[in-house]
Amino acid sequence: MDMKSIIITGGAGFIGSHVVRLFVNKYPEYRIINVDKLTYAGNLANLKDVEEKPNYRFVKADICDFDTIYALMQEEHVTGIIHLAAESHVDRSIKDPFTFARTNVMGTLSLLQAAKLYWEAQPEKYEGKRFYHISTDEVYGALEMTHPEGIEPPFSTQASSEHHEAYGEDFFVETTKYNPHSPYSASKASSDHFVRAFHDTYGMPTIVTNCSNNYGPYQFPEKLIPLFINNIRHRKPLPVYGKGENVRDWLYVEDHARAIDLIFHQGTVAETYNIGGFNEWKNIDIIRVVINTVDRLLGREEGEDMNLITYVTDRAGHDMRYAIDSRKLQAELGWEPSLQFEEGIEKTVRWYLENQDWMDNITSGEYEKYYEDMYKGR
Ligand code: NAD
Ligand code: DAU
């Protein structure tokens, strides 16, 4: 398969920046083209360490801009697309669903159509091509808390088969019916359907993966973990939605990037793979771990900031529990999470505390202006 010229959309965001870094460093013979609009969530500071690499190019563009994407595909002879660009925050989608429909649905459709027209015009057509769409477990809706009696999260990362034997079978699998609840997950579900339709209708070689909650460096501080780390540091209230009992399945972002690399190269066309950490936590438990870790690393007494926990009105339509069954990916391609959660959260908290400039740059409001000026006229 000729995979030498790859567009990665959303590469200036959280997960995208880890995927770009992995591909640029691991495949010097590839050309990696990061296409990102640089919304509030896109930050080129996430990619400082790779921006000078000869196999890397950044293009500031909106995925909804069909003409630009189509021209770029022609110019770069693009053979693969790894599509991560999206509006990704559930709370924003509740306030502004239109933006989510525009980027996540129309943007994905625009990319698909550009790829279709360009690839179908090539003599070899779809041979050696791949359109890989990154999606979320939220499209499946919400699970109930149906763990066997006496067994409750947190569950730490462990071999998936053991996890399932111990904790029952109520997980999202690849065939779970779509049942999205938020405007964000509805828009992602719609984009997943378009991607599969392009395979079924035109024969485009597509792959879709649905992943659980990621955590790690470079996540925009509107999401639970970086927001809370920053608030604890500055001794600001920690807004816990509802009772804090919702469960999420957390995966270290570099493990997601490793899975994306593996699936892009070895996954079967038209298949779906679920990616998850086998690592379920109630929000309130994870928040306590984060507080203890930040306190310890800042030389405070462990737990002294517990009083920052502030229960607030629940998120509208708040999904109770997400939990991914990624045994298919494990069985077919041999992937499993590499990090124990305890290790991953320690690394993550340490990174945010040691990179306060990155955080201050974003939270000060200066950064949007900085990048606006930097790319004026491009
Ligand atoms: P993010 O919000 O951190 O980054 C999104 C990136 O997309 C930003 O760089 C932004 O500038 C860019 N972007 C947004 N609209 C664009 C447009 N119209 N044109 C071009 N670029 C645009 O998101 P993330 O958390 O890194 O998520 C990346 C992808 O992974 C998303 O598709 C998301 O649905 C999916 N996902 C995320 C998680 C998670 O836990 N964060 C889990 C599973 C799946
Ligand atoms: O499951 C995958 C999804 O994970 C991705 O598709 C999304 O892009 C990503 O944002 C994430 O969605 P969540 O809504 O689960 O993540 P968030 O960090 O916003 O919230 C995690 C949990 O913490 C959720 O139950 C809501 C709760 N929460 C969140 C925030 C920001 C709070 O209690 N307080 C908060 O301030």
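**Exercise 1. Find which residue in β2 is the bridge partner of Ser-5, and work out how β1 is placed.**

Step 1. In β2, Ser-5 has Arg-31 as its bridge partner. Before going on, note that this is a predicted model, in which local features need pLDDT of at least 70, side-chain atom pairs count only at pLDDT 80 or more, and totals for chains, interfaces and linings use all residues. Residues are numbered from 1 along each chain as its sequence is written, chains are lettered from A and ligands numbered from 1 in the order in which they are written, and side-chain values use heavy atoms, with hydrogens and water left out.

Step 2. Look at the strands themselves. Strands here are DSSP runs of E with at least two residues, helices are runs of H or I with at least four, and both are numbered from the N terminus. Strand β1 covers residues 5–9, and strand β2 covers residues 31–36. The two pair in the parallel sense over five bridges; two strands pair if DSSP finds at least two bridges between them.

Step 3. Now turn to β4 (residues 80–83), which pairs with β1 in the parallel sense over four bridges. Here Ile-6 stands opposite Gly-80.

Step 4. Check how covered β1 is. Five of its five residues are buried, where buried means under 20% relative accessible area, exposed over 50%, and partly exposed in between (1.4 Å probe, protein chains only). Ser-5, Ile-7 and Thr-9 lie on one side, with Ile-6 and Ile-8 on the other.

**Exercise 2. Place β1 in the whole sheet: in what order do the seven strands come?**

Step 1. The order is β3-β2-β1-β4-β5-β6-β10, in an open sheet with parallel pairing.

Step 2. At the edges are β3 (56–60) and β10 (272–275), each pairing on one side only.

Step 3. From one strand to the next, the twist averages 20°.

Step 4. Follow the sheet to β10: four bridges join it to β6 (residues 206–211), and the two run parallel. Asn-210 stands opposite Asn-274 in β10.

Step 5. Add a helix. α4 (residues 97–120) packs on the sheet and touches β1, β4 and β5 (130–136); contact means heavy atoms within 4.5 Å.

**Exercise 3. Decide how α1 and α8 are oriented to each other.**

Step 1. Helix α1 (residues 14–26) joins β1 and β2 in a right-handed β-α-β unit. Right-handed means that, with the strands pointing away from the viewer, the path from the first strand over the helix to the second runs clockwise.

Step 2. α1 packs against α8 (residues 253–266) at an angle of about 60°, with axes 9 Å apart. Axes are lines fitted to C-alpha atoms, for helices over the stretch in contact, and angles run from 0 to 180 degrees between N-to-C directions.

Step 3. Therefore α1 and α8 are oblique to each other: under 35 degrees counts as roughly parallel, over 145 as roughly antiparallel, 65 to 115 as roughly perpendicular, and the rest as oblique.

Step 4. Among the residues of α1 that meet α8 are Phe-14 and Leu-22; those in α8 include Ile-260 and Phe-264.

**Exercise 4. Say whether Gly-42 is buried or exposed.**

Step 1. Gly-42 is found in the loop between β2 and β3.

Step 2. Gly-42 counts as buried because its relative accessibility is 7%.

Step 3. Gly-42 and Phe-14 are 28 residues apart in sequence, and their C-alpha atoms are 7.9 Å apart in space.
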